[in-house]
Amino acid sequence: METDELNEDVLPMTNAFKLLCEDFTPEHNKKEVEKQRQTAKNIKNELENAKSDLKIEYKNLDFWTQHDIKHPLHHLQKAISATTSSVTDFKWVKPSKISISEISATKKLQIFVEIPSELFGNRDYLNLTYPAKRAHFLCFAAKFLAGKFEKIEFMAGGINRDDPIFPDLIVGGVRIGFYTSELAKTKRFVPSIGNLRPVTVFGENLFKGEFWPNFGRISKFQTHPTALLALHLLQSVLEHRHLNLEFSPVVLTARIVRLIKNGQITEKQEILTVLRVIFKDFISWSADVEYLDVNDEQMEDDVEEEYSQHFDVNLIWRHLNIASRISKNQMARMKKELATCYPLLGQVYTFDPIFIDKSPVFAQYDHVARLQINVAQLTPLLGEFGCDSVDNRDVICQFLRSLEHRIEQTMSERYEFLGIHEILDPAHATWKLGEYASQQRQKTFLVGFRSTSAWKNPLTVGPSAQTNEAKEFRTLWKDTSELRKFADTRICECVVWNEKPSDKVPRAILQFVLQKMFHLPATCLSWRSLTSSSNSSEADRAHEKKSQEAVFQAFTDLSMLLRGLKGIPLMITNVHGVSGYIRGSEPAYPSVFAAATSSGKDSGERRRHVVPEAGKIPLYSPAVTVHIKLEYSGKWGNDVEAIRRLTSSLYVKLKNVVYSLFQIAEKLRSEHKLCAVPTIDQLFVLKSGIVFKIVVVNDRILSILEENVQKLKDSGASRIESSIQGMRLAMWKKKFIAEPLLQMSLQSFATSHKFFGSTVQLFKKWLGAKMLSGHLNDHIIELLVVAAISKRGAVEPQSTWSSFSRLLDLIATHPWSARPLFVDFGLKSWSEEERSKLEEKFVKMRPILPPMVVIHEEDHQGMKFTRENPSGIVLNRLVAVAKDALKLVEKQTTGEKSIDLETSLLTENLSPYDAVIHLEPPAVVRKKALLERRPIPENPKFQPKIPVVELDPVDELVYQLNNNFHAVAMFFYNKYGGHNIGVMFKPQEEEVPAKISRCSLHKSISDTVLRLNRAEILENIQIMGEGVVADVELKKA
């Protein structure tokens, strides 16, 4: 990425941002630091005064077992036995030097012990002789320190602290590193010459992230404290985005030291300036060979070319490529993440999302798979990449590098970047002195992809036929390709994976790579997703997609008809769909299409609607709400009720016009047929099998309501907001101004984010499964999804998987009681000043604000849609189930066996409730139908009729239960096919003082105390729900 693509409209440095940065530096426990310092001094004294007459042959790795110590390289006994050295005997010699160093950023102490060079031969560095002798020296040190210090362990060492071939000692929390002076020329790092581990050559210097010998013994950061703080912040950014293993402290330090040496970072620069310099440098990191110090002697062109061919990224210091572990994909992801954060640097309210907030690794990718590799499976491939490998870890690392290259060759057009993350076992990082280090014969990895629009492409298109590239393509694909002719007359090599786009295509490609190119079993790879790959799951997703397309097309056609109507008193100027069905955010249970009806004589041939048969409850038929506006007229009058009736007559007129329009259109297109039913407040129209509810939004009503409120104010009345006029005005504004404007923003967001609708649907179904339907407003549900997707400082997801994972993380981690949630649709962001004022207002009003406050462009107080729900108890419940769901998603991602995650997420749990209301099965009308409901075929002899729409007995029952029993109980249910309603009695109502006003739903147990009468409440519920309620079960007496 080029830096000229970055947004340079940056903010100036503020004291608030500076304080946030300074406060980010971790506080150090002075007592703990002093304790470590004393421990380090004691260790140094013990090692300096240690003496031993033991002399051993360096190949004898079993010697230390008699001292209850296991040689760390015991598993490499065979390889070490095959080595040679001019110094075969090994003994304890006083260290040449012992130094204690402090890491400025963390205040942690490290001890560096230099092993005398007399113990090594001139060529010991060429094989495992040096590591074996170094480990012997560790064992000597461990023997001297054992019993004198608490907890002594081995820990993986090396340049990135992950190399078990060069372990360190951890004594009382202090790391002890062992090294010797340079044994080899640095040119042996050139790929064609050798594969020396950096620790072999550079010893102490590479361990000290702040000390680079080429720049002097004094740390550059001692004179650049701001650069040190910036390094600490950068480490946090990459760590929270799971990039810290590749971009290790050594790499970050080297890059920042390079900026200091080049003069791009100076001593007097502010922290914000330094951060921008560093971020820009990392974003513009070139693929060319770069040098840590521009003053270093440059390598020959052919040597540079060798580095470029062997490594994806090159940052050279004395022939050592410090960035050798960074791949193209990791570099691309790092640049994407930092480029997203760069424009936000300096903003106070984006500091947490950039530097502090951490999301799970599986939420960083759109598609993930679990890869399990055993070294035994790689045995046939050792000839390809095993020659440079010392142990199992090396073999697997070489395999992963080769695998990533093959994936890039076969499916690079399908993803923007991929990541391979080891599912780490903390036990492998350290091990006890009396135990052998884990050989790690088997490792498990998470393979994640950020997908592109070509992810599901059923074809892998290769080069044109009859070219050299075509031959290479056929060889790569093991002659499975075939020739295909395209519409532009091109004839290309292609691999055909499926007849149509499918998520199964990339899965098949990756399996092909593993099985055909690496000869690995199919069982080593397991794709992990929200839904199973079964035919029924794909059919459900296809049904949801078709439903949304059908609603959108029908709405488009109806909108054109309404705008073109002639012969009505006032022309229609605006048609606005305000239903979640249009943007695909409402589950189509059982269908978006109206239930089929018959035009029996008993219902009247002229009537356009039918009622259900007696004793039968029809499955749910939705109505898609549409708001229309009419051209201005001054003849409406000044009475709201009169305007309603005039509007009703307009509905009748509109109905007649629509019907007559159909008669005209029928002559041209015989397949069209419309049915319209007017009521006093809306007009129901059946279009393409879908019922639309058309509502006229008359601005004259708003003017009248505002005039009535103004009259109250002029009369000196108080509490206008709680008056009838004030509440009617607030309700009208919310329903016909705030909600439509919000719906427009949501519709726009859904159009630009194709996975938005499916994520909202899954969220609603998940809320239902957790019995929380109705406790969150539908608008709030969609706003939460928008907030998760468009979170500032994070790369936007591209799939339902990553969107839902981030949504769960947002719900589980946001401090709801301390801060409001800001929702940014991406069109216009809040300025720092605006957000500061809103935050201040939130703090002042917090005691009277609802538990959940969601601020967006149409609601600066954040309580329009959360004033009533969710309550504090429900919000706490929501956070708890979100945390549980995150654990379930993590188990699905990293667990040994794949599960049907969607089914697991949507499992109900009735155990928390005091009582359960069991519903009659026919009363549950929002459920999947056995037969797919389709629009009625066009037939000139058959006139379809509008069925009863939006009839949900369970919804109505829950409304009545809350209306009658809200003082003593809370009710929880699943809107989408749930057969139970959970009842939770309020604990504060269990026993109350004996008062006349509290006698309802309570019974007397003494002259002064009333107890909640649960039996009476449940009996009332049974009576109230006759025909809907099957029975009521009291679980907790």
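**View 1. Strands β26 and β32, side by side in the predicted model.** In this predicted model, β26 covers residues 915-919 and runs antiparallel to β32, with five bridges joining the two. If you want one pair to zoom in on, take Leu 919, whose bridge partner in β32 is Val 1029. As a reminder, strands in a sheet pair through backbone hydrogen bonds, in either a parallel or an antiparallel way.

**View 2. The whole four-stranded sheet around that pair.** Zoom out a little and β26 and β32 turn out to belong to an open sheet ordered β27-β28-β26-β32, with antiparallel pairing. Its edges are β27 (969-973) and β32 (1029-1034), each of which pairs on one side only. On average, neighbouring strands here are turned by 20° against each other, ignoring direction.

**View 3. Helix α27 lying across the sheet.** α27, made of residues 953-965, lies across β26, β27, β28 (980-985) and β32. Against β27, the helix runs at about 165°.

**View 4. Helix α27 again, now with α28.** What else does α27 meet? Its Gln 960, Leu 961, Asn 964 and Phe 965 meet Ile 1017, Asn 1020, Ile 1021 and Met 1024 of α28. Sorted by class, that contact has five nonpolar residues, three polar ones and no charged ones. The axes of α27 and α28 (residues 1014-1024) come within 11 Å and cross at roughly 145°, and the crossing is right-handed.

**View 5. Helices α14 and α16 packed together.** Here α14 (residues 392-411) packs on α16 (residues 504-517) with the axes 10 Å apart and an angle of about 130°. That angle is why the pair counts as oblique. The crossing of α14 and α16 is right-handed. From α14, the residues to look for are Phe 399, Leu 403, Arg 406, Ile 407, Thr 410 and Met 411; they meet Pro 506, Ile 509, Leu 510, Val 513, Leu 514 and Met 517 in α16. By class, the α14-α16 contact splits into ten nonpolar residues, one polar and one charged.

**View 6. Helices α8 and α9, with the loop before α8.** How do the axes of α8 and α9 cross? They do so at roughly 115°, coming within 11 Å, with α9 spanning residues 271-283. That angle makes α8 roughly perpendicular to α9, and the crossing of the two is right-handed. Leu 252, Arg 255, Ile 256, Arg 258 and Leu 259 of α8 meet Val 277, Ile 278, Asp 281 and Phe 282 of α9. This contact divides into six nonpolar, no polar and three charged residues. While you're here, check the loop between α7 (225-240) and α8 (249-261), where His 242 is found. His 242 has a positive phi, near 60°, and isn't a glycine.

**View 7. Two cis peptide bonds, each leading into a proline.** Most peptide bonds are trans, which makes these worth a glance. One joins Tyr 589 and Pro 590, with omega about -5°; Pro 590 is in the loop between β19 (572-577) and β20 (623-630). Another joins Asn 869 and Pro 870, with omega about 0°, and Pro 870 is in the loop between β25 (854-855) and α25 (872-894).

**View 8. Residues 30-60, with a label from UniProt.** The unreviewed UniProt entry marks this stretch as a "coiled-coil region". In the model, residues 30-60 are 65% helix and 10% strand. The C-alpha atoms at the two ends of the stretch are 44 Å apart.

Terms used: Residues numbered from 1 in each chain as written. Predicted model: local features only at pLDDT ≥ 70, side-chain atom pairs only at ≥ 80, totals over all residues. Heavy atoms only, no water. Pairing = 2+ DSSP bridges. Axes fitted to C-alpha atoms, helices over the stretch in contact; angles between N-to-C directions. Contact = heavy atoms within 4.5 Å. Parallel < 35°, antiparallel > 145°, perpendicular 65-115°, else oblique. Left-handed = near helix turned anticlockwise from the far one by under 90°. Nonpolar A, V, L, I, M, F, W, Y, C, P; charged D, E, K, R; others polar. UniProt positions renumbered as here; feature names shortened; annotations may be inferred.
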